[in-house]
Structure formats: C-alpha cells, structure tokens
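Thanks for coming. I'll put the model up and walk through a few places in it, one after another.

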Amino acid sequence: MHKTVAKTVLPAKRLRGDFTVPGDKSISHRAIMFASLAQGESRIRGLLRGEDCLSTLHAFQCLGIAVAEKGEDDIIIQGRGLDGLREPDNVIDCGNSGTTMRLMSGILAAQPFFSILTGDQYLRKRPMGRVIGPLTAMGAGILGRDKNSKAPLAIDGGGLTATEYHSPIASAQVKSAVILAGMQIDGTTTVYEPHLSRDHSERMLRYFGADLESFSGGTRVNGRVQLHGKDVDVPGDISSAAFFLVAGLIVPDSELLLKNVGVNPTRSGVIDILQQMGGSIELTNLRELSGEPVADLLVKSSNLQGIDIGGDLIPRAIDEFPVISVAAAFAEGVTTIRDARELRVKETDRIAAMCECLGALGVAIEPLEDGMRVAGGKTINGGEVNSFGDHRIAMSMAIAALGAAADIKIVDTTCTQTSFPGFWELLDQVAEV
Ligand code: S3P
C-alpha cells in the first residue's frame, strides 16, 4: 500500500538541461516476458525499474525464472523456453499494472497449470473481460470476479486452440494477450484491430525469433516456434518524455534536450499533436535500438494553439492525454479530444480526473463522453489537486504547476514510482524557480 505523500511544485522561470528519461515501460515488460519464454540467456539494459515492471519481473520469478541483477537497470534473465514455466505456489500480484495482468493472462492461459492473478485496489476495478473473452473462446478456463469481468483472475491453463479474433478496441494489451496465447499453441492465431495500437510485442517477438507477421488491420502468429535469448536495449519512454516536452513548450525561455527516446510511430502521436499545436520539437540522431526507432528530442518554448484531436491519433497517444490536456490549457483557443473513451478505464477515469484537477485551477475544461474540451490561454491558478493514485495525473499536474500563477500542491504522489522513478528529482534539476 502506498503512503500518501503530497508535493508542492512552484512556477518555473525557465527550464534548461539535457538528460535521458527512464526506460520504456511497455518495452521493459515485454523484454522480461519474452526473455523468460525464450531459450537461453537474455541481457536487458535500460530496463525501467518502475513498480509496474518490477511486478512483471516478480511474476516470472514466481514462475521459476532466474534473474541476475547486473546493475540498476541491467539484468540477465535465464529463459526456460515455451514449456519451462512452473506452477506458482502463490497468488501473483500484478500491483497497479494492467499490462502485467493482461499479457500474463495470455501467457498463463496456454500453460498447463493453475495460477491466480490479482492487483491493487485500482487494477481490481479495471475491465478484464476484454482478455477473458477471447482467451475463453480459445478454450481457456478463466474465472474472474464480478461476472467474469474483474480480477482476481483464476486461470486453469492449457488445451487452447488457435483462433481469429476481431478486437472491438484498439488495445495493445488485448492484441498481445491473444498473440501470446497463440504463440504457445499449434496453428495460426490472427488478431484484427480497428486502429493500429502499439506494436512493441510484434517487433520484439520477431526479434526473439517468433514466426509473426503484421499486415494492415492485424497480426498473425504461427505457434510453437521457440524463441531464443537476445540482448535488448530499452529506449527512453516517450510517455515519460511527454511530461518534459509539454513543460519545455509552456514555460517561457526554455530549451530541453531529451536523449535516447523511443519514437516508434505507434507511440509518437504526442509529438505530432504538440507539433500541430505549434510546438517546436526537433528530432535528431534518429537510429534503431533492438528493433525500435529512437531519437533525441529538442524542445523549445512555443506559443501553442488549440486543435481538434481524434481518430487514428488516439491510440498513438493514449497515455499522454493527461499532459496533452495541460498543453491545451496553456494554448490559445479550444482543443477538443474525441474518440478517446478508453481514457475512462485507465489507472483512473482520466477524463474525469483531468477535468476535476484543471477545473479546480480555473481552467475552462468540459468532459465529453469520449474525451474533453479545453478552452485554453487563460491564467492557471495555484491550488491543491489530487492524483487519484494515478501516476500520469500526478506528473501532469506537476507540469501544469511549472506554468501556473502560483504553487500547486499535489496530494498522493508516490504513484509516480509506477512508471517514472526520479521524476521529482529531474524536475528540480531542470526547473529554475
Ligand atoms: C500498454 C497498452 C495501452 C497503454 C498502457 C500500456 C501496453 O493500454 O495505455 O499504458 O504496454 O501494451 P491498452 O492496451 O489498454 O490500450
């Protein structure tokens, strides 16, 4: 259980610095999972040591995987192949991590043993029917609370058959759960999705040797192909970089260089959105790291304009809307975000949370059923807000404070450990108050 720690963030005169942000959360989870399912040793460098990824690491230790720590963000995993996991002798705790729970469901559904996945008070409220449905259709025995829709999940694994699944939502967690189940069984499993969601699973599974093909509208995997241990270099997380991109844009006289940030096109929607709003963000030193595109990002203070955001851009920026709504509050004119109903089922209801937080500081923000409307450009007052235990809400409000008229106190900030250890220290380092 987190202790509730409040932080007060002061308005900043300017921001300066060049730095890296911690490793990508989605890629770190997958590196741990696929290395465990591969045969032989994998070294993972740049691993995010956030609580979510530690939940995944701990889950695989419970399943019999040996992990050696080489350094703070550098580990070696001894993979045991597709058939090497063993039945856990206790419940597996996924903490706050939806990615751990949903992807593990896919992995464990195909394993011939019994397992139970649970999580913290927030994760136990989030929808799990979206993975239970397709995995049950493949033949898995999964039971969950609340009419089979919520964790804890009891999984009686094994005996699956390959499937074709048409996902009604663009969710990488759903897509990955089905692909991971399909990868372990005979036959070809195909997942179709309405818009392309992040494709880290597809890229990394191919990198580890899986027989997997992506096509317009979906992904197909041929099962029972053994993965082989590989070294993975995890790039900086664009979702963490996003806080400093917005900070650099909204605080006058700022210039920040964020080095080694993952810019996978299925994740870089936040850069496109901020550039469309008039933000100066330059990508340099574009290169590839373990199958993922990476760049350095130079951001300079800019006069932002409100825009309309919807459609394909939504899954490409799904985790960044809390901080995008902060950018919108500092932009001239109206920003409208639509087609983003998924925000209601993240770590908290992020539409309600951002409307409450920014509204409390005097921002004209209005919730929509599938998004929000922000009329920006007016002074943002100081005050007190709550993170609702959501790491991205806490960090977004810290960024709002840098450009506000007075201090903002944020209640419940330990949740930032979920994805961004060192966030507050980095903020102190780059902000001149
Ligand atoms: C993630 C997928 C997204 C994202 C989450 C991480 C992943 O969730 O919001 O933070 O690593 O696959 P959905 O798949 O539910 O959209």
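Start with helix 10, residues 321-330, and helix 11, residues 350-360, whose axes lie 10 Å apart at an angle of about 35 degrees. This is a predicted model, so please keep that in mind throughout. The crossing of helix 10 past helix 11 is right-handed. Which residues make the contact between helix 10 and helix 11? From helix 10 there are Pro322, Ser325 and Val326, and from helix 11 there are Arg350, Met354 and Leu358. Sorted by class, that contact has four nonpolar residues, one polar and one charged.

Next, two buried residues in helices. Ser105 sits in helix 3, which covers residues 98-109. Its relative accessibility is 1%, so Ser105 counts as buried, the cut-off being under 20%. Leaving aside residues up to four places away in sequence, Ser105 touches Leu117, Val131, Leu135, Leu153 and Ile155.

The other one is Glu202, in helix 7, residues 200-207. Is Glu202 buried or exposed? It is buried, because its relative accessible area is 3%. What does the side chain of Glu202 make a polar contact with? The partner is the side chain of Thr219, at 3.5 Å. Thr219 also appears among the residues that Glu202 touches, again not counting those up to four places away in sequence. The others on that list are Lys175, Leu212 and Ser214.

Now the backbone. Most residues other than glycine have a negative phi, and most peptide bonds are trans. I have three places here that go the other way.

One is the peptide bond from Ala151 to Pro152, which is cis, with omega near 5 degrees. Pro152 belongs to strand 9, residues 150-156.

The next is Asp253, which is not a glycine but has a positive phi of about 60 degrees. You will find Asp253 in the loop between helix 8, 238-250, and strand 15, 255-262. With a relative accessible area of 43%, Asp253 is partly exposed, because that value falls between 20% and 50%.

The last is Asp412, also not a glycine, with a positive phi of about 75 degrees. Asp412 is in the loop that runs between strand 23, 408-411, and helix 13, 423-430. Its relative accessible area is 12%, under the 20% cut-off, so Asp412 is buried.

To put those two side by side: Asp253 is partly exposed, whereas Asp412 is buried. That is my list; I'll leave the model on screen for discussion.

Conventions:
Residues are numbered from 1 along each chain as its sequence is written. This is a predicted model: local features need pLDDT of at least 70, side-chain atom pairs count only at pLDDT 80 or more; totals for chains, interfaces and linings use all residues. Side-chain values use heavy atoms; hydrogens and water are left out. Helices (H or I, at least four residues) and strands (E, at least two) are DSSP runs, numbered from the N terminus. Buried means under 20% relative accessible area, exposed over 50%, partly exposed in between (1.4 Å probe, protein chains only). Contact means heavy atoms within 4.5 Å. Axes are lines fitted to C-alpha atoms, for helices over the stretch in contact, and angles run from 0 to 180 degrees between N-to-C directions. A crossing is left-handed if the near helix is turned anticlockwise from the far one by less than a right angle, and right-handed if clockwise. Ala, Val, Leu, Ile, Met, Phe, Trp, Tyr, Cys and Pro count as nonpolar, Asp, Glu, Lys and Arg as charged, and the others, Gly among them, as polar. A polar contact is a pair of N or O atoms within 3.5 Å; within protein, one must be able to donate a hydrogen and the other to accept it, and residues adjacent in sequence count only if both atoms are side-chain atoms.
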